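Visitor: I am new to this structure and would like to be walked through it with care. Could we take it one question at a time?

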Amino acid sequence: MNAFQEKFLSLAAREKLRAQFCQLRQQGLSVAEFAATFTSLSRFAPELVASEERRCFEFERKLRRGLKLKVGGSFIQEYRHLVDAAAYMEIMM
């Protein structure tokens, strides 16, 4: 968490954003929209995305079922590549 967030966001606000990240699912969002929201909210739960492997795990886990089945278990451990793979599969579906 950066100093700006600590200074200008109350603990309650930070906890609300953390809860939003924990409950985040792709559902009707495109992969691009979902990735942007995921990245934005993940700042409030840094322990859940502390490594590339953890970030990929969380992203994959929150994808909608159809995409999760296509890219899930692909063992892509670089976030950028996982997002690209999910976006490609979204187009192909």
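Visitor: How many positive and how many negative side chains does the protein chain have, and how far apart do the centres of the two sets lie?
Guide: Please keep in mind that this is a predicted model. In the protein chain there are 15 positive side chains and 11 negative ones. When the centre of each set is taken, the distance between the two centres is 6 Å.

Visitor: Which pattern does the protein chain follow when read along the sequence?
Guide: The protein chain contains six helices and zero strands, and its C-alpha trace spans about 45 × 25 × 15 Å along the principal axes. Reading along the sequence therefore meets helices, in the pattern α-α-α-α-α-α.

Visitor: What share of the contacts between residues at least 6 apart in sequence join residues at least 24 apart?
Guide: A contact here asks for heavy atoms within 4.5 Å. Among the contacts in the protein chain that join residues at least 6 apart in sequence, the share joining residues at least 24 apart is 52%.

Visitor: How many salt bridges does the count come to?
Guide: Side chains of opposite charge can pair when their charged atoms come close. Counting a pair calls for a side-chain nitrogen of Lys or Arg within 4 Å of a carboxyl oxygen of Asp or Glu. By this rule, the number of salt bridges is six.

Visitor: With which residue does E47 form a salt bridge?
Guide: The closest N and O atoms of this pair are 2.1 Å apart, and E47 has R18 as its partner. The pair links distant parts of the chain, 29 residues apart, with E47 in the loop between α3 (31–42) and α4 (52–62) and R18 in helix α2 (residues 11–23). E47 is partly exposed at 41% relative accessibility, and partly exposed too, at 25%, is its partner R18.

Visitor: How many residues apart in sequence are the parts that E90 and R64 tie together?
Guide: The side chains of E90 and R64 meet in a salt bridge, with 3.1 Å from N to O. Because E90 lies in helix α6 (residues 79–92) and R64 in the loop between α4 and α5 (65–71), the pair ties together parts whose separation in sequence is 26 residues.

Visitor: Is E58 buried or exposed?
Guide: E58 lies in helix α4, and E58 is linked with R54, R61 and K62 in a network of salt bridges. Leaving aside residues up to four places away in sequence, E58 touches F21, F38, L48 and V49. The relative accessible area of E58 is 3%, and buried means under 20%, so E58 counts as buried.

Visitor: What percentage of the 93 residues in the protein chain do buried residues make up?
Guide: A residue counts as buried when its relative accessible area is under 20%. By that cut-off, buried residues make up a share of the 93 residues in the protein chain equal to 30%.

Visitor: Which residues make the nonpolar surface patch of about 380 Å²?
Guide: The protein chain exposes about 5,900 Å², of which carbon and sulfur atoms supply 58%. M92, one of the residues of the patch, is placed in helix α6 and counts as exposed at 52% relative accessibility. The nonpolar patch of about 380 Å² is made by Y88, I91 and M92.

How values were computed: Residues are numbered from 1 along each chain as its sequence is written. This is a predicted model: local features need pLDDT of at least 70, side-chain atom pairs count only at pLDDT 80 or more; totals for chains, interfaces and linings use all residues. Side-chain values use heavy atoms; hydrogens and water are left out. Helices (H or I, at least four residues) and strands (E, at least two) are DSSP runs, numbered from the N terminus. Buried means under 20% relative accessible area, exposed over 50%, partly exposed in between (1.4 Å probe, protein chains only). Accessible areas come from the Shrake-Rupley method with a 1.4 Å probe; for residues, only the protein chains shown count as cover. Lys and Arg count as positive and Asp and Glu as negative; His and the chain ends are not counted. The place of a charge is taken as NZ of Lys, CZ of Arg, CG of Asp or CD of Glu. Patches are made of residues with over 30% relative accessible area and no salt bridge: like charges are joined within 9 Å, nonpolar side chains (Val, Leu, Ile, Met, Phe, Trp, Tyr) within 5 Å.
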